[in-house]
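Colleague: Could we go through the enclosed spaces and the ligand site of this model, one question at a time?

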Amino acid sequence: MCGIVAYVGEQKAYPIIIKGLQRLEYRGYDSAGVALLENKSIEILKQAGKVSDLESYAANKNTNGHIGIGHTRWATHGVPNEINAHPHNSGDGKLAIIHNGIIENYDSLKKALQEKGHQFESDTDTEVLIHLIEDIKNHENCSLFEAVRLVLNEVIGAYAIVVIEKGTTDEFIAARKGSPLVIGVGEGEYFVASDASPIIEYTRNVVYLEDGEIARINKSEELDIKTISNVKKTPYIHELELSLDSIEKGGFSSFMLKEIFEQPKSIIDTLRGRINPTTKEITLGGILNYEQKIINADRIIIVACGTSWHAGLIGEYLFEDLSRISVEVEYASEFRYRNPIINKNDVVLAISQSGETADSLAALELAKEKGATLLGICNVVGSSIPRLTHAGSYTHAGPEIGVASTKAFTTQIIVLALMAIKMAHKKGTITISKYHEIITELELIPEKIEKILKKNDQIEKIAEKFKNATNFLYLGRGYNFPVALEGALKLKEISYIHAEGYPAAEMKHGPIALIDDNMPIVVIATKKGNYDKVVSNIQEVKARGGRLIAIVTEGDKTVKELADYCIEVPDSFDGLSPLLTNIPLQLLSYHIALMRGCNVDMPRNLAKSVTVE
Ligand code: G6P
């Protein structure tokens with residue numbers, strides 16, 4: 001979490017940094033700040049709140065300088081106020097730092113520094129880091145580059161940092177471990193950011209700093225990169241493929257709405273080139289050499305967090321149902337700490353939009369130690385998970401900026417479906433005709449989603465009726481149980497209404513006690529799967545006075561008689577139905593949140609890329 005941006009070159013740094021921070025606000029928006037270096041002084045401007053609050057505050061301040069650093073924060077240590085906002089100064093005011101990550105041993109380092117006379121203003125781990133750099137620099141009488149390197153050998157934790165030094169207007173030092181950092185290479189200028197979005201309008205040439213690397217970035221020189229153990233590295237310049245349009249709202253009022261409506265296109269992009277138009281053969285280039293390994297695996301262990309974990313559950317149903325490969329789905333944060341059994345013949349598959357989620361990365365590291373095969377399904381090209389895994393497939397959803405995940409989820413299901421269908425075909429666990437039937441259905445998904453999106457006004461009207469509810473229950477069975485979980489999560493995340501997802505049949509073992517005349521229940525009751533059983537569950541709800549919103553298959557009559565509101569979705573293969581049933585639930589959450597005055601793109605306390613445990 002936290003977004004960082006830095007610039008050194010001939011342009012004015014402030015506007016570049018502010019624009020970059022706005023693009024990175026999905027990473028945190030508790031406070032924001034910049035430090036600008038001009039001649040011999042460091043000007044630090046910071047504010048609690050969003051980047052726009054910082055902009056208003058800085059409107060009549062000195063924002064000159066051709067070198068600077070900026071930060072948008074998701075608070076870990078210390079409340080989100082101005083004092084705890086980054087950048088932080090060293091005690092003598094000669095150095096300033098921005099930091100994304102957590103220094104785990106900050107407490108002991110802080111005590112040792114306090115004994116030496118250092119005084120701290122904030123409650124942050126970051127201020128400890130910059131005081132330590134100052135201390136070592138003075139003690140060793142060395143360059144800033146060397147001081148940062150020495151300090152990083154003492155700290156435990158995760159970091160992406162940039163440090164500037166008073167009087168040095170042509171260079172700064174950047175380093176990373178566990179948190180992402182991209183360096184944009186321009187003509188006589190450099191950019192540094194947590195992802196490429198602040199950089200693309202200036203240069204397409206980037207260097208991804210690797211874990212444990214530190215860079216001296218001087219505007220008139222080549223990048224000087226070494227490891228923290230002092231081994232020189234040669235920078236490898238990648239060319240960015242990201243387009244500027246893809247990171248702007250394009251006429252929509254929010255990124256979330258844009259991303260919901262983009263889903264047909266994102267799915268087409270994710271399918272592109274992966275299904276042969278004539279033979280209908282599936283090719284996932286990234287896992288081509290690992291197909292046999294997947295087929296022969298004892299188990300696939302899916303590790304993920306949040307919405308990606310819900311996609312993982314759908315993956316489990318698809319792999320087990322179609323390709324008869326045993327799958328376990330684990331919360332990465334639990335898996336990594338519970339001494340799990342991992343064998344060499346296991347395939348560990350991480351699903352992650354950002355490719356940077358700290359717990360998912362740590363789960364993979366653990367699996368790597370045990371000799372398992374590592375796969376990834378990620379959206380952000382070049383992120384840490386794709387670089388750590390042996391093989392994998394990208395989702396090609398395009399940048400997802402709204403904090404609540406939408407198009408990343410649907411495209412994760414697409415990739416999982418492609419993998420499961422491919423393995424089933426290869427293993428012979430489905431007939432040729434079934435294979436072709438599923439592929440045909442898969443190719444029809446984008447136009448079926450278009451049809452559902454046309455119901456936006458109907459869904460908005462339903463939202464109006466329920467916007468003041470305080471609790472929601474979401475029910476589904478089989479393939480649509482994870483959709484119930486995801487529907488509830490989406491509502492919680494952006495509208496702050498308490499919502500629970502439950503397997504419909506489990507309702508009678510607890511949640512049924514909550515049902516009264518005020519309780520809205522969203523139930524997914526599509527024709528395939530366990531339709532009759534779900535209808536019985538609906539009757540149980542109705543008998544207790546619950547208010548029902550049902551997602552049904554076009555033409556349904558039975559549920560329509562029971563439910564208060566019905567939203568129809570086109571029919572499909574059961575295993576692909578989550579791709580359809582999830583869309584009305586995204587729109588329902590979106591409209592309810594908007595009607596309650598919530599910021600759908602930046603819900604309180606959340607961040608999109610969770611790079612801390
Ligand atoms: C955060 C985001 C969620 C996301 C989860 C996992 O909590 O707010 O939308 O599902 O992280 O992120 P990942 O990038 O690994 O999919």
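Colleague: Which residues line the second largest cavity, and how many of the lining residues are charged?

Modeller: In this predicted model, the second largest cavity is lined by Thr526, Lys527, Lys528, Thr553, Val569, Pro570, Asp571, Ser572, Ser577, Leu580 and Thr581. About 60 Å³ of space lies within that second largest cavity. Sorted by class, its lining has 3 nonpolar and 5 polar residues, and the number of charged ones is 3.

Colleague: Which element supplies the largest share of the lining of the largest cavity?

Modeller: The largest cavity has a volume of about 80 Å³, and of the 15 residues that line it, the closest to its centre are Cys2, Thr76, His86, Gly101 and Asp125. At least two lining residues come from each of β6 (95-103) and α4 (125-140). The largest share is 3 residues, and the element that supplies it is β6.

Colleague: How much of the accessible area of the ligand does the protein cover?

Modeller: Among the 13 residues that surround the ligand, the closest are Ser308, Ser352, Gln353, Ser354 and Thr357. Oxygen atoms of the ligand lie 2.7 Å from a polar backbone atom of glutamine 353, 2.6 Å from a side-chain N or O atom of serine 354, and 2.4 Å from a side-chain N or O atom of threonine 357. Of the 390 Å² of accessible area that the ligand has on its own, the share covered by the protein is 90%.

Colleague: Which helix gives the most to the shell around the ligand?

Modeller: The shell residues divide into 4 nonpolar, 8 polar and 1 charged. With 3 residues, spanning positions within 306-323, the helix that gives the most to this shell is α9.

Terms used: Residues numbered from 1 in each chain as written. Predicted model: local features only at pLDDT ≥ 70, side-chain atom pairs only at ≥ 80, totals over all residues. Heavy atoms only, no water. 1 Å grid on protein atoms, 1.4 Å probe; cavity = no way out; pocket = protein on both sides within 12 Å on 5 of 7 lines; lining within 4 Å. Points joined across faces, edges and corners; volume = space filled by probe spheres on them. Helix = DSSP H or I, 4+ residues; strand = E, 2+ residues; numbered from the N terminus. Nonpolar A, V, L, I, M, F, W, Y, C, P; charged D, E, K, R; others polar. Near = heavy atom within 4 Å. Polar contact = N/O pair within 3.5 Å; in protein donor to acceptor, adjacent residues only side chain to side chain. Areas by Shrake-Rupley, 256 points an atom, 1.4 Å probe, with all protein chains shown as cover.
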